[in-house]
Structures are given as structure tokens and as C-alpha cells.
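Here is a short tour to read with the structure open beside you. Please rotate the view as you go, and follow each stop in turn.

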Amino acid sequence: MGARCSKFSFCWWHSHLKPSLLDSSDLENGGKNEKNALPSFAEFSLDELKIATNGFSPENIVSEHGEKAPNVVYKGLLENGRWVAVKRFNRSAWPDSRQFLDEAKAVGNLRSERLANLIGCCCEGEEKLLVAEFMPNETLAKHLFHWENQPMKWAMRLRVAFYLSQALEYCSSKGRALYHDLNAYRILFDLDGNPRLSCFGLMKNSRDGKSYSTNLAFTPPEYLKTGRVTPESVVYSFGTMLLDLLSGKHIPPSHALDLIRGKNFLMLMDSCLEGHFSNDDGTELVRLATRCLQYEARERPNAKSLVTSLMSLQKETEVPSHVLLGIPHGTATPPQPLLLTPMGEACLRKDLTALHEILEKTGYKDDEGIANELSFQMWTNQMQETLNSKKHGDAAFRAKDFITAIDCYTQFIDGGTMVSPTVFARRCLCYLMSDMPQEALGDAMQAQVVFAEWPTAFYLQAAGLFILGIENDAQEALKEATKLEAKRSKN
């Protein structure tokens, strides 16, 4: 990436800093070469996102507060192998679908290495979802407030502040100066350990109208009066983030400002940083935080001047972020999700037509060695009758006459002379098609009794449980089916 000197104050810095510390305009389109460039914004179907997130499995939740949050974020894997973060909104949010799509497309046009960029959305019925780049190395809140191995280094704290200022400057330059509820959970770390600003906060607010989910002690004074977010409110929130970085705690601005006015700013500093920063740098950052937290909005600096102020404070610029952060490089890929087979995907989508096609195509080959072996002497009239009822059931199943198929398969099963897991599977699907999920689940379990390690039995249990709305058990059955299928294909 070539350094440009169109801005005189940045010339020296451009020639001495790593490319990762260049100014915001150099970071557009992710600042990456063509090969790694992000895809254009796209609309996804709900089915694609269900498959990517294993049916919105609780195990895939990466947002705070888990399933209890009104809007939940899941990690997912798209068909093309790209990891994504999928935000699923509460059904009452965004009543205006057109507004949601317009907002998503506008934010989706932004591309910067300082953002966890928005790459798509989904708007189907009451479902509204956003799809962004997945950041595998946790949030700033985790590294700053809940660290395990080492506290965040001073140089890394300065870099977080600088990169965040660049993100805000970039968004301002593109006409998206408003950011809702800027806090330590909105800063995410990418595979290289670089901090990025989540794009989700750039969306204008939906029906709930809350731009600040945090304690009122942290909200800008003008927001408390008007309920509206302005570019100056965002700078105020940036000031609270600087306090977080200085103290390693989430301190209310009023308390911090009292300490600063009393010339006790060292009491504000994180004790873990003792001896690791110069008083001059600490004083400079405190001064910047104070300017951002001015009561009068017009007295706060803008994003551009934040970038200039923070650029000159940067330390250890040649050290990669993952080293400063103390994380292994390139090993933070999330665990592989279930790689679903066509039958697994059909269960997840509750696509009964696809399941019918698969069972029809598979026929009875899985019964080999399971259904009773018949000796010559057993060919009695009763046996012939039983086989005829199965034959009629198969013809009805093929013709999608599911009620007739249920009757014929029931005669075959009640005959008791032969046991076939496939017949239980077929009757199970007929029950599902006839809106009788409870009976279907019984047959799927009976198929498992007959053939303990048969993937189809577990797939059909998953389908029945999904239809009954018993999501967690459905996920477990789907997992078991996928595991058995993988084991079978190895043998």
C-alpha cells in the first residue's frame, strides 16, 4: 500500500508507520488487495442464514446476554466458507421493511479496515437480519474488563483509541456520523488482533428508539434532554471509551471528571499500567477525554481532530496488534459448525417435499441386514398380504397420497411378520405431511429402536421436533444424525 502525502501533517507519519496505521482514507474497501476484497452488499434468504447458523443454534450465539437479549448475534458459516456474524432482530423491531432495507444498504456501502463491515441483510416477513464480517477475537470489554492472561498493554490501548477515531472519521466522511450506543462491546478484534468498530451501531434506530442501552450515567447530556443522537453525542461516547481505556474500568464520566478537576488523574489510571506509561502521555489522553466530555456539545472536538491528536501518541507502531494483545496469530478460527447433508438441510428448513424426494430415492437399501430374513416356509398367505400392503403403501407414498400410505403402512406394521425401519420412516413423513407431528415423532423413534445407528431415524426426529418448536432437542437430534452420517461415509 503506497503512502500518500496529500495531507501535510501526516507526511512524516506515512513514511514511518506500518500500513496498518495509515489514515482513514487509505483504509477504504478494507484496504486489501483484490483477492481478499470483501464482497458487495447482498440480500440473503432466511434459509441461507438458518443453514449458516445451524438453525440459529444457541451454541452459535456470540452476543452478550445470550438468548435473553432482544436482538441476538450468531456466528455462522456461509456456503462459500466465509465466517459471518448474523444479527437477528426482535420481531417487533423495524416495522417498516423498506426503511430497514434502505438503512442496511446504506451501511452496507461502507468498506473500511477499521469496521467490521456489513456484507448483507435478510428481510422476510417479520424476520429482519444483518450479516457482517465475523471478528473471532472477542470484544474490547472482554480484553479490558475481563482479561484472563494479561491486562491490555498501554500501546494497545492507544491503538484502540486511534483505530476507533479513524473508524468514526471514515463514517463521518461518508455521511454516517451517527453511531448508536458506542461502548466497549462494540469494539471487536479481528484475526490479526486489530480493533474494529461493529457496523451494527451505524443502523438508524428501529421501533424501540433506544440509542443508549447503557446506564444513564454514561449518556450524553443533550440525549437526556432531546432523546436524539447527534455527531457530538458520538464524540461524548468516545470520551467515555477513553476513560475505559485509561482506567480499565467502566467509570461514570461525572466521577472521572471530578478526579481530573481535582488534579487526581493518576487515581483514574489502571493500576496494572503502573510504570508502563509516561505521565505526559497519560495527561494528554486525559485532556482529550475531558474535551470529548464537555457539557456543551459544540465545545467537543470532531472525529478528524481526534485522529490527529491520537496519531502523535502512538507507541510500538512496528509491533503487530496480536502481539500487543497477547493472542496467538491466526488460530482464532471458531470451531467448525455442522456440515449438513442435503437431508440435514431439509430438516432445518422443515422442507418436507425435499425429505419425501430423498426417502423415495433411497428406497429400501438401508433395510438390508435389518429387516427380517424370510425362510421359504414363511411364505404364507398372511405374508403375501403383508407384502401387498407395503407395496400399496409405497405406490401411495410415490403418488403423495399420504393418508392412503399411512393406512397401508399401518397394516404392514400391525401384521407383525416383518420389521422395516424404512416403513417407519416413510409413515413418519406421511404423518408430518398430514400435520400429525406427534405421531411422526413416535415413528422416527421406533425406527431408531429397530436400527439404533440409522441417521435417517435421527434426521426425522429432528424434523418432527423442529415442527413441534422443540428447538434444542431438534438441534441435538440433527447433530447426532450428522455424526452418524459422517461415520458411515468413512466406513
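Let's begin with Asp 47, a residue of helix α2, which spans residues 46–52. Keep in mind that this is a predicted model. Is Asp 47 buried, partly exposed or exposed? Its relative accessible area is 34%, so Asp 47 counts as partly exposed, given that the partly exposed class runs between 20% and 50%. Asp 47 also belongs to a negative surface patch, together with Glu 48, Glu 79 and Glu 124.

**The sheet**

Next, turn to the strands. In general, the strands of a sheet pair through backbone hydrogen bonds, in either a parallel or an antiparallel way. Here, five strands make an open sheet with mixed pairing, and their order is β1-β5-β6-β3-β2. Which strands stand at the edges? They are β1 (42–43) and β2; each has a single partner strand, so one side of each is left without a neighbour in the sheet.

Three of the pairings can be set side by side, each with an example of bridge partners:

| Strands | Bridges | Direction | Partner residues |
|---|---|---|---|
| β2 (residues 72–77) and β3 | six bridges | antiparallel | Leu 77 and Trp 83 |
| β3 and β6 (residues 127–133) | five bridges | antiparallel | Val 84 and Glu 133 |
| β1 and β5 (residues 118–124) | two bridges | parallel | Glu 43 and Cys 121 |

Strand β3 deserves a second look, as it pairs with β2 and also with β6. How much of β3 is buried? Of the six residues in this strand (residues 83–88), five are buried, so β3 is largely enclosed by the rest of the structure.

The connection between β2 and β3 is easy to follow on screen: the two strands form a hairpin, with five residues between them. In that turn you will find Gly 81, whose phi is positive, at about 90 degrees.

**A stop in helix α20**

Finally, move along the chain to Ala 474, which lies in helix α20 (residues 471–490). Ala 474 has a relative accessible area of 0%, so this residue is buried, the cut-off for that class being under 20%. How far apart are Ala 474 and Ala 463 in space? From C-alpha to C-alpha the distance is 7.1 Å, while along the sequence the two residues are 11 residues apart.

Key:
Residues numbered from 1 in each chain as written. Predicted model: local features only at pLDDT ≥ 70, side-chain atom pairs only at ≥ 80, totals over all residues. Heavy atoms only, no water. Patch = residues over 30% accessible without salt bridge, like charges linked within 9 Å, V, L, I, M, F, W, Y side chains within 5 Å. Areas by Shrake-Rupley, 256 points an atom, 1.4 Å probe, with all protein chains shown as cover. Salt bridge = Lys/Arg side-chain N within 4 Å of Asp/Glu carboxyl O. Lys, Arg positive; Asp, Glu negative; His and termini not counted. Charge placed at Lys NZ, Arg CZ, Asp CG, Glu CD. Helix = DSSP H or I, 4+ residues; strand = E, 2+ residues; numbered from the N terminus. Buried < 20%, exposed > 50% of the residue type's maximum accessible area, 1.4 Å probe, protein only. Pairing = 2+ DSSP bridges.
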